[in-house]
Amino acid sequence: MPLPITRLRVAVPVPLPRLFDYLNTPENQPAQALGCRVRVPFGHRQLTGIVVAIDPAPGDNQGALKPILQWLDSSPVLGGELLDSLYWLSRYTHAPVGEVLSTALPALLRQDQPQPDTTAWGWQLTGSGHAGLSHLRAGGRPRRLAELLAAGLLAEDVLDARLPEWRASVRDLARRGLAQRLPLTEPALPLDSGPGPALNEQQRVAVEAIQAAQGFSPFLLDGITGSGKTEVYLQAIQHCLASGRQALVLVPEIGLTPQTLGRFRQRLGVPVHALHSGMADGARARSWLAALRGQARVIVGTRSAVFTPLPNAGLIIIDEEHDASYKQQDGFRYHARDFALVRAKALDVPIVLGSATPALETLHNALTGRYTHLRLSQRAAAAAPPRVRIMDMRKRRLHDGLSDQALAGIAEHVAAGGQVLVFKNRRGYAPALLCHDCGWTAPCLRCDTPLTVHGAGRRLQCHHCGARQAAPLACPQCAGLALQPQGVGTERLEERLQSHFADVPVVRIDRGTTSRRDALEQALGELGQQPGILVGTQILAKGHDLPNLSLVVVVGIDEGLFSADFRASEKLAQQLIQVAGRAGRAQRPGEVWLQTHHPQHPLLQTLVNGGYHAFAHSEIEQRQAAGFPPFAHLALLRAEAQQVALANAFLEAVRALLPAQQAVEHYGPMPAPMPRRAGYQRTQLLLSCSQRAPLHRLLASIVPAIHALPEARRVRWSLDVDPIDLY
C-alpha cells in the first residue's frame, strides 16, 4: 500500500511575504524534516528553500501543487531556538521569512550543495619522525614543528596559535614520512594557556558579576580605551568553557578578527573558529556546521556570525557594540547587536555589550536599569590616559591639511622612537576636483555628489556607485587648465608625509590598501615596533592595539560638527574617543591633537573637559526633548526609481494606506539626503512613534498591502526598522 502524499510548507528566498506549498512523498523524507533544505521548482528557476511545516493532508488543490525536486539534508540545518528567533526577526523587520532564513545560512548552504564534513584534524609524529627528530636541522621550521608534535597529537587550530607558518613544514615532514594527519576522535592536547594578567579591582568586579549571572543577564561593559575589556571577555569565556558551554564573540570588522583569534587561541586552550565574509565559502560553512554540531566551542565573527547555531550556548559577547557595521544596510536590514540580545534571552544566557563609547540607546538602557552597568574607568597595567589638545587652525598655514606645529610634533615623536597616527576619515587623494578659473567641480554622472580624486589627481572615482574615469586634462566647462584637487584625503596625506619624512616608514591604512585578505594585519606587521607614521581612516579606530603609538593627529573634523543627521554628533564623538584611545596604551605616554577651525565648539569642549559620558548625558537630554531615539521608534521606507515621479507615486500610495490616527506620525514623501545615487532617484517616508508596539502593529497591517501595490512593481523599495541613518 503506497504511503500518503504530504504537503510541505517551504520558505523560499524571494521578496514575497509568504510560504509556498509543495508535494512530497514520505519515503524520501528524512527522519527530522523540519529545518531541512529542499530543492524546489519556482517558475523557470530552481531554488533552495527550508521546510518549516508539514501538512499530512495536501487539501483539494493537490493537483495544482508541484513536487519538490530533492531533499538536500539528512538532518536539519535550522531548528530549535535559532529557527524561532529567525521567525521573530522576520516579524520585527517585516521582511519575508524566506529571505531571513536564507540570509542566516552560510553561502554554501544557500545553494544545493551537501553539508561539508566538519571533522577536526590533528598531526602527530610517526615512529620514523620520533627516531629522526634529532637529524632535522636545529632551528629550522620543520625541527621546531617536530619538537611540538613530539609531545603527542596536536589539533590544527592549536598549531595555528603555536606556529603560524606550520603548514609548509608539516607538508615537508609528511612527504618524508615523519608526520601524519589524523582525525580528532577525542580532544587533542590543549594549548597550555597559562594564567592571564592580574586584574585590577574594577576588572575583577566585572568578571565576578558576569560569572555569577544566572540565565539571561544583559551587561554593558563600559570601559575606557585600554582598560582591559578583552581580558574580562577572556576570563568570562574561560568560565563558560569550564561548564561545557559555547561562547559567541562578535567583532565589528574583519580586520579585528585575526588579532582577536590569535589572542583567544593563545589563552583559551581550545580551537577558536572564525566566521566572516573574508573566508572561503567552504571554510565558513564548516565553522557554522561545527557550531551546530557542538564541535565548535568558541566562535569569533563579524555581523553575520550572529546567526551561528548555539545548541550548548553559555555566553554571547558583542565587542565595540556601538559600531555602525553591526547594522546590515542592504537586503533585509537587521542589527546584529539587537538580534544577539533577542537570542541571548531565548537561550537564557548572559550577554556582554562592550564599548568605550556606548551607543546612546545602550547607555540609556544601562542608566535606566535594563542592563547591568559595569564601569572600567582606569587603563590596565597603570597606563595613563592620553593628553588631548585642541589646535586652533584659524589663520594657520596648512600643508595638505597639516599645520607646521603638527609636522613638528610628528617629527619629535618619531625621533623619540614612537609611532604616530595621522587620522583622516576620508580615503582618496582629495574629495573633489575644482576648476580654479570657473568653479566647475567634477560630478558623478549617476549620483548627486562630486567625484573623489585618487592616484595623486590622475583618477576620479565615486565612493557611492563606484564609477571611475580618468581626470580631464582641461576643464570641460571653460577649457581652462587650472584644475586643482580640493581638500585632503588619506592618499594626499601619505604623499605629503612621505616627502616630509623621507627616512621614516609611512603606512596608509584605508579601504584601498586593505581590500585583500589579511592586508591590514600584514601592513601593521611590516611597520612592527619601529618608529613610523600611520595614515588611516576609521579602520584604525576600531580596537587595534598599537603599543608604540604615542601621538594621534586628527585632521579635518570640522565637517562632522555641522550635520543635519541627528546621530552625527554621537558618531563624531565616538570616532574621536576611539581614535584617541589608540595612543599611550603601553608604557609610552600618549598625546592627541585635534586640528579644528572651531575650537570653541560645544561638542569638542565637552569631550575634552568631561569625556564621552558628559557628552552622552547632554545628548540624551537633547534627544528626549526633540523626540528622537531612544525616546522614539522609527521606520524608514525608501523608494528608488529612474524617474522621481515613480518613487513619489509609490510612497504616496503607501501614505494612503496609513490609517488616520495620532499614535504614529509620518513625514514625507521627501527626497533622501542624497536624492540621486547610481542613476536612481531616491525618496523616503519616515514613520515615528513614541512606543514600539503601535508602530509594529501599523507595519504588520500595511506591509502585505504594500507588496500588493501596483506601484511597488515599478520601483525598488525597502523598509528599515530602527534605521541608524536617514540616507
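Buried means under 20% relative accessible area, exposed over 50%, and partly exposed in between, with a 1.4 Å probe and protein chains only. This is a predicted model: local features need pLDDT of at least 70, side-chain atom pairs count only at pLDDT 80 or more, and totals for chains, interfaces and linings use all residues. Residues are numbered from 1 along each chain as its sequence is written, and side-chain values use heavy atoms, with hydrogens and water left out.

**Exercise 1. Two positive phi values**

Task: Find where Asp-400 and Ala-479 lie, and decide whether each is buried or exposed.

Solution.
- Start with the background. Most residues other than glycine have a negative phi, and most peptide bonds are trans.
- Asp-400 has a phi near 50°, a positive value in a residue other than glycine.
- Asp-400 sits in the loop between strand E17 (398–399) and strand E18 (402–403). Helices (H or I, at least four residues) and strands (E, at least two) are DSSP runs, numbered from the N terminus.
- The relative accessible area of Asp-400 is 17%, so Asp-400 is buried.
- Ala-479 has a phi near 65°, again positive in a residue other than glycine.
- The loop of Ala-479 runs between strand E23 (468–470) and strand E24 (483–486).
- The relative accessible area of Ala-479 is 55%, so Ala-479 is exposed.

**Exercise 2. The whole chain**

Task: Describe the chain by its elements, its compactness and its contacts.

Solution.
- Count the elements: 20 helices and 32 strands.
- Next, compare sizes. The radius of gyration is 28 Å, close to the 27 Å from the globule rule for 727 residues, so the chain is as compact as a globular protein of that length. This radius is taken over C-alpha atoms, and the rule is 2.2 Å times the number of residues to the power 0.38.
- Along the principal axes, the C-alpha atoms fill a box of roughly 95 × 80 × 55 Å.
- Of the 727 residues, 53% count as buried.
- Now take contacts (heavy atoms within 4.5 Å). Among those with a separation of 6 or more, 74% join residues 24 or more positions apart.

**Exercise 3. Cis bonds and strand E29**

Task: Locate the cis peptide bonds at Pro-630 and Pro-669, then work out the surroundings of Ala-641.

Solution.
- Pro-629 and Pro-630 are joined by a cis peptide bond, with omega about 10°.
- Pro-630 belongs to the loop between helix H18 (602–626) and E29.
- The bond from Gly-668 to Pro-669 is also cis, with omega near 10°. Pro-669 lies in strand E30 (residues 665–677).
- Ala-641 is part of strand E29 (residues 633–641).
- Its relative accessible area is 3%, so Ala-641 is buried.
- Set aside neighbours within four places in sequence. Ala-641 then contacts Leu-646, Ala-647, Tyr-680, Gln-681, Arg-714 and Val-715.
- Phe-631 is 10 residues from Ala-641 in sequence and 33 Å away in space, C-alpha to C-alpha.

**Exercise 4. Aromatic rings**

Task: Classify the pair formed by Phe-332 and Tyr-334.

Solution.
- Rings of Phe, Tyr and Trp (its six-membered ring) pair if their centres lie within 6.5 Å; planes under 30 degrees apart count as stacked, over 60 as edge-to-face and the rest as tilted.
- The structure holds 8 aromatic pairs.
- The ring centres of Phe-332 and Tyr-334 are 5.3 Å apart and their planes stand at 35°, so this pair is tilted.
- Both residues, Phe-332 and Tyr-334, are buried.
- Phe-307, Phe-332, Tyr-334 and Phe-339 form one aromatic cluster.

**Exercise 5. A covered helix**

Task: Name the buried residues of H2 and the elements they pack against.

Solution.
- Helix H2 spans residues 97–104 and is mostly covered, with 6 of its 8 residues buried.
- The buried residues are Val-97, Gly-98, Val-100, Leu-101, Ser-102 and Ala-104.
- They pack against strands E1 (6–11) and E4 (45–55), and against helices H1 (80–93), H3 (107–110) and H11 (281–292).
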